[in-house]
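Please open the model in your viewer and keep the sequence panel beside it, since each stop on this tour begins with a selection.

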Amino acid sequence: MKAIEVRNLRKRYPNHLAVDDVSFEVAEGEIFGILGPNGAGKTTTVECVAGLRPFDGGSVRVAGLDPREDRDALRRVLGVQLQSAALPEKIKVWEALDLYASFYPDPADWRELLDQVGLGGKRDTAFKQLSGGQRQRLSVALALVGRPRVAVLDELTTGLDPQARRDTWELVERVRDSGVTILLVTHFMEEAERLCDRVALIDAGKVAATGTPSGLVAQAGGAQRLRFRPTAPVDEAALLALPEVTEVTVHGDQVVVTGAGNLAHAVTLALAGAGIVPGDLRVEQATLDDAFLTLTGRTLS
Ligand SMILES: Nc1ncnc2c1ncn2[C@@H]1O[C@H](COP(=O)(O)OP(=O)(O)OP(=O)(O)O)[C@@H](O)[C@H]1O
């Protein structure tokens, strides 16, 4: 059985078709990403998956359960961390966890969970006194306190500084290693590339493509770019004749070579043969953003 199955999901708000046709499957133990720009319909999709929003068409199963019919059973297998997790300002960290734990028949030991998310020293701190990163980690702990099989994490690292973001990524990996399947919503390409086993690229309420991050990049052409300042003029035609090269452009004293395969090796070898040194050589790999652009004509940001 798949951990999550979404088929032809459709959700219309009064003035807006937010989710037009979204289908994907998530296997047990996967970190599955929903990646797309602001307004693409990501949050609406996961809210429908989590049983928090009615939808107009299609079907959703989480661990075989229908969020519309099996609400109580769903609550026991699914943990949800949403973008706008609002807690009372004065509630202490331990009180929030204790409260959430009381909703479940067999909750996790929240003291252990606090240590796992790195908030062991903050148990008596009021919610309003936590930093952004600490609030995010508390929201992950709250999503996990019911020992879910599946966790939904929405825009988990938005607003965090780079170090807090990396810490949160490690936390998510540890959660997955403990056996939880994760559905992760993000509009950060780096986050999807770093964390996700597979990704659905969502644009304007539709899935543009689904696959592994590297597979999606390769599917969209998998282009690489080399930039360098040659010590002597390059023979553009000779570079273009290499099977790895698709384009050569010269901007002032900088040359940009685009291609695929073992591009860096082929080009540097050809340059060496001509006695040219590629100064300031930089190799740029195509990213999920490039893949998104190729597939949709839009960028993620
Ligand atoms: N409650 C609502 N009523 C009406 N329209 C809504 C509602 N919630 C979202 N929308 C609209 O639906 C579209 C999809 O919103 P959604 O929040 O699902 O996108 P998203 O991909 O999660 O974006 P973001 O990353 O900005 O959260 C947007 O155009 C949004 O303005």
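Begin by selecting valine 257, which sits in strand β12, the run covering residues 254-259. The model you are looking at is a predicted one, and this residue is a convenient place to start reading it. Is valine 257 buried or exposed? It counts as buried, because it has 28 C-beta neighbours inside 10 Å, where 20 or more are needed for that label. Now show the residues it touches: leaving aside those up to four places away in sequence, valine 257 is in contact with Leu226, Leu239, Val245, Val248 and Val267. If you then draw a C-alpha to C-alpha distance from valine 257 to valine 283, you should find 9.7 Å in space, for two residues that are 26 apart in sequence.

Zoom out next to take in the whole chain. The chain holds 11 helices and 13 strands, and its C-alpha trace spans about 75 × 45 × 35 Å along the principal axes. Of the 301 residues in the chain, 39% are buried. Among contacts with a separation of 6 or more, 69% join residues that lie 24 or more positions apart.

Now select the ligand and display what surrounds it. The shell consists of Tyr13, His16, Ala18, Gly36, Asn38, Gly39, Ala40, Gly41, Lys42, Thr43, Thr44 and His187. Two or more of these residues come from each of the elements β2 (16-26) and α1 (42-49), and α1 makes the largest contribution, with three residues. Colour the shell by class and you will see three nonpolar, eight polar and one charged residues.

Stay with α1 and select the helix as a whole. How many of its eight residues are buried? Eight of the eight are, so to speak, covered: the buried residues are Lys42, Thr43, Thr44, Thr45, Val46, Glu47, Cys48 and Val49. Lys42, Thr43 and Thr44 therefore appear both in this buried list and in the shell around the ligand. Step just past the end of α1 and check the backbone of glycine 51, which takes a positive phi of about 75°.

Move on to a pair of helices, α5 (residues 132-144) and α6 (residues 162-177), whose axes are 10 Å apart and meet at an angle of about 10°. An angle of that kind makes α5 roughly parallel to α6, and the crossing of the two is right-handed. To see where they meet, show Gly133, Gln136, Arg137, Val140 and Leu144 in α5 together with Ala164, Asp167, Thr168, Leu171 and Val175 in α6. Coloured by class, this contact is made up of five nonpolar, three polar and two charged residues.

Finally, keep α5 selected and add helix α3, residues 93-101, which packs with α5 at an angle of about 20° and with the axes 9 Å apart. That makes α3 roughly parallel to α5, and α3 passes α5 in a right-handed crossing. The residues to display here are Val93, Ala96, Leu97 and Tyr100 in α3, which meet Leu138, Ala141 and Leu142 in α5. What is the division by class in this contact? It comprises seven nonpolar residues, with no polar and no charged ones, whereas the contact of α5 with α6 includes three polar and two charged residues.

Methods:
Residues are numbered from 1 along each chain as its sequence is written. This is a predicted model: local features need pLDDT of at least 70, side-chain atom pairs count only at pLDDT 80 or more; totals for chains, interfaces and linings use all residues. A residue is near a molecule or strand if its C-beta atom, placed from the backbone, lies within 6 Å of it. Helices (H or I, at least four residues) and strands (E, at least two) are DSSP runs, numbered from the N terminus. Ala, Val, Leu, Ile, Met, Phe, Trp, Tyr, Cys and Pro count as nonpolar, Asp, Glu, Lys and Arg as charged, and the others, Gly among them, as polar. Axes are lines fitted to C-alpha atoms, for helices over the stretch in contact, and angles run from 0 to 180 degrees between N-to-C directions. Angles under 35 degrees count as roughly parallel, over 145 as roughly antiparallel, 65 to 115 as roughly perpendicular and the rest as oblique. A crossing is left-handed if the near helix is turned anticlockwise from the far one by less than a right angle, and right-handed if clockwise. Two residues are in contact if their C-beta atoms, placed from the backbone, lie within 7 Å. A residue is buried if 20 or more other C-beta atoms lie within 10 Å of its own, exposed if 12 or fewer, and partly exposed in between; C-beta atoms are placed from the backbone.
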